[in-house]
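Work through the exercises below with the model open. Each task is followed by a worked solution.

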Protein chains: 2
Amino acid sequence: MKKNNHLYQEFLLKHGLKSTKQRRLIFEKFIMTQGHVSADGFCNVVKKADPSIGQATVYRMLKLLTESHIARKLEMGDGIGMYELNLGRDHHDHLICEKCFKCVEFKDDALEELQIRLAGDHGFTLTGHKMFLYGLCAQCR
Amino acid sequence: MKKNNHLYQEFLLKHGLKSTKQRRLIFEKFIMTQGHVSADGFCNVVKKADPSIGQATVYRMLKLLTESHIARKLEMGDGIGMYELNLGRDHHDHLICEKCFKCVEFKDDALEELQIRLAGDHGFTLTGHKMFLYGLCAQCR
DNA sequence: TTCTGTGCAAATGATTTGCAGCCAG
DNA sequence: CTGGCTGCAAATCATTTGCACAGAA
């Protein structure tokens, strides 16, 4: 927990924020997140730990966490914002089954290199990317 | 225009739809679309040609056009659905400048192959993909 | 005629915001 | 104390839907 506390302090400092019990709780819960959560789903997680926390606070924190690159916001298909932990993780992409909606994360060095090259070919300096591959998984095929 | 008429008939047939003046107009306007349009922006284009057409009809058509792969729906970052013409075009991806929001379309065969391989590595049959590269363009850097 | 298509306005669902009170520094 | 933070409810924004009427087959 010491390590998370360090990250939390750094996060507050970067944004010039005060520490509050709400922010601490939301931060800790988000750090423990596995896979993808919707803002609404994450609200429930937070409210289970402390029902007095309002959803606006959760939305405001998710925005801050995303700006700090602690969270990453994804929009896969429908218009619902999904969040995932993006803390000290390698950049990864998503492979989504169109039938069962299973989502596999993967990472590929050749892909990363290719993306940098493609951006460079058009005079861009790459800062990030989002890629979703859609298909049918082994079970659904 | 004969060619578009053919596409229009095919589109109606595939969905079992009737031809109406609204559908014909919206179809023609969409075929002429350059780059990306929001649903709302496209509504304005349609309404300029015929103000009596309601936005619900435009939204309903955009959904149908997307299902026919005549349109492609993109969601880049904010929660706004953007549409682009996807008719007989090669699959392409997008490179977006984070500063000026300029959007460059590109296509790369090595990328397409790599995506198929990556999907296959995880037991998936690839049916489609969306990729957004974010970076800084030559002018903004 | 018959049933699909349409415009309107109201409904929805996700997210944001205004505001009065609260609390960390 | 004081300005930032919070919860609440109301406000937005994009999109969808219910419904009565219009119009294609």
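**Exercise 1. Find the strand that pairs with β6(A), and give the number of bridges and the direction.**

Solution. Start at β6(A). Eleven bridges join β6(A) to strand β6 (residues 125-136) of chain B. The two strands run antiparallel. Strands count as paired if DSSP finds at least two bridges between them. Now take one position: A:G128 has B:Y134 as its bridge partner in β6(B).

The model is predicted: local features need pLDDT of at least 70, side-chain atom pairs count only at pLDDT 80 or more, and totals for chains, interfaces and linings use all residues. Residues are numbered from 1 along each chain as its sequence is written, chains are lettered from A and ligands numbered from 1 in the order in which they are written, and side-chain values use heavy atoms, with hydrogens and water left out.

**Exercise 2. Quantify the interface of chain A and chain B, then say which parts of chain A supply it.**

Solution. First, count contacts (heavy atoms within 4.5 Å). 37 residues of chain A are in contact with 37 residues of chain B.

Next, take the buried area, which is the accessible area (1.4 Å probe) that two parts lose on being put together, summed over both. The chains bury about 3,100 Å² between them. Carbon and sulfur atoms carry 62% of that area. On the chain A side, A:E75, A:F124 and A:Y134 supply 20% of the area buried against chain B, more than any other three residues.

Then look for polar contacts. A polar contact is a pair of N or O atoms within 3.5 Å; within protein, one must be able to donate a hydrogen and the other to accept it, and residues adjacent in sequence count only if both atoms are side-chain atoms. Across the interface, 18 residue pairs qualify, both residues being at pLDDT 80 or more.

Last, assign the elements. Helices (H or I, at least four residues) and strands (E, at least two) are DSSP runs, numbered from the N terminus. β4 (93-97), β5 (103-106), α5 (109-121) and β6 (125-136) of chain A each supply at least two residues of the side that touches chain B. The largest share, twelve residues, comes from β6(A). By residue class, that side of chain A holds 19 nonpolar, ten polar and eight charged residues.

**Exercise 3. Determine how the two copies are related.**

Solution. Superpose by least squares on the C-alpha atoms of residues with pLDDT of at least 70 in both copies. A rotation of 179° with 0.0 Å of shift along its axis places chain A on chain B, with an RMSD of 0.2 Å. The copies are therefore related as by a two-fold rotation axis. In chain A, the C-alpha nearest the axis belongs to A:M131, 2.1 Å from it. Check the surfaces too: 100% of the interface residues of chain A are also interface residues in chain B, so the copies meet through the same surface.

**Exercise 4. Count the salt bridges, over all chains and across the interface.**

Solution. Apply the rule: a side-chain nitrogen of Lys or Arg within 4 Å of a carboxyl oxygen of Asp or Glu. Over all chains the count is eight. Two salt bridges cross the interface of chain A and chain B. B:D108 and A:R117 form a salt bridge at 3.2 Å, N to O. Within chain A, A:R72 pairs with A:E84, at 3.2 Å, N to O. That pair links distant parts of the chain, twelve residues apart: A:R72 lies in strand β2 (residues 71-75) and A:E84 in strand β3 (residues 81-85).

Terms used. Nonpolar A, V, L, I, M, F, W, Y, C, P; charged D, E, K, R; others polar.
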